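Grab the coordinates and work through these exercises on helix faces and charged pairs. Each task comes with a stepwise solution, so try it yourself before reading on.

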Amino acid sequence: MARIQGVDLPGDKHVVIALQYIYGIGDWVAAEICFRLGIDPFLKASALTDDAVARISGLLDKDYLVEGQLRRSIQQNIARLRDIQCYRGMRHRRNLPVRGQRTRTNARLARESRKPLLVRKV
């Protein structure tokens, strides 16, 4: 089982699918990585050599934001929006939909925290 960026790749899947288990890598980027490194995308992940795993890891470190770095970057961007108190930052702060979705009939999870609790009298 190959381990890249702290993620165990499932050995029974093709390399192009197994790479998508890493946060920040989708189908297109996984195919691009296989093409750039000359790895057969339909090779099983368990058949990857140590050299191929090292090349994939090196390419991810050099050219892509994945896993912890990407999560940290996203959290910093959201914190920046909150700090400058823009509209999107205020929506994040209030735990409401940020990208223009309606809240009158949908966004249940966002509105549940505002509902008063019903108290049963016994």
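**Exercise 1.** Find which residues of H4 are buried, and work out where they sit around the helix axis.

*Solution.*
Step 1. Pick out the helix: helices are DSSP runs of H or I with at least four residues, strands are runs of E with at least two, and both are numbered from the N terminus. This is a predicted model, where local features need pLDDT of at least 70 and side-chain atom pairs count only at pLDDT 80 or more, while totals for chains, interfaces and linings use all residues. Residues are numbered from 1 along each chain as its sequence is written, and side-chain values use heavy atoms, with hydrogens and water left out.

Step 2. Sort by relative accessible area: buried is under 20%, exposed is over 50%, and partly exposed is in between (1.4 Å probe, protein chains only). In H4, that gives Glu67, Leu70, Ile78 and Leu81 as buried.

Step 3. Look down the axis of H4: the buried residues fall within an arc of 85°, so they line one face of the helix. The arc is taken over the directions from the helix axis to the C-beta atoms.

Step 4. Check the other side of H4, where Gln76 and Asp83 are exposed.

Step 5. Ask what covers the buried residues, counting a contact as heavy atoms within 4.5 Å. For H4 the cover includes strand E2 (7-8) and helix H5 (87-93).

**Exercise 2.** Test the length of H4 against the expected rise, then see what follows the helix.

*Solution.*
Step 1. The expected span is 1.5 Å times one less than the number of residues. With 17 residues (67-83), H4 should span 24 Å, and its end C-alpha atoms are indeed 24 Å apart.

Step 2. Just past H4, Gln85 has a positive phi of about 55°.

**Exercise 3.** Repeat the face analysis for H2 (residues 27-37).

*Solution.*
Step 1. Val29, Ala30, Ile33, Cys34 and Leu37 are the buried residues of H2. They fall within an arc of 140° seen down the axis, so they line one face of H2.

Step 2. Turned away from that buried side are the exposed Asp27, Trp28 and Phe35.

Step 3. Helix H1 (15-18) and helix H3 (50-63) are among what covers the buried residues of H2.

Step 4. After H2 comes Gly38, with a positive phi near 70°.

**Exercise 4.** Now do H3: which residues are buried, and which are exposed on the other side?

*Solution.*
Step 1. Ala52, Val53, Ile56, Leu59 and Leu60 are the buried residues of H3. They cover an arc of only 130° around the axis, which puts them on the same side of H3.

Step 2. On the other side of H3, the exposed residues are Asp50, Asp51, Asp61 and Lys62.

Step 3. The cover over the buried residues of H3 includes strand E1 (3-4) and H2.

**Exercise 5.** Count the salt bridges and describe some of them.

*Solution.*
Step 1. Apply the rule: a side-chain nitrogen of Lys or Arg within 4 Å of a carboxyl oxygen of Asp or Glu. You should get 4 salt bridges.

Step 2. Arg3 and Asp8 pair up at 2.7 Å, N to O. Arg3 is exposed at 52% relative accessible area, and Asp8 is partly exposed at 39%.

Step 3. Arg71 and Glu67 form a salt bridge at 3.9 Å, N to O. They are 4 residues apart in H4, about one helical turn. Arg71 is partly exposed at 42%, whereas Glu67 is buried at 14%.
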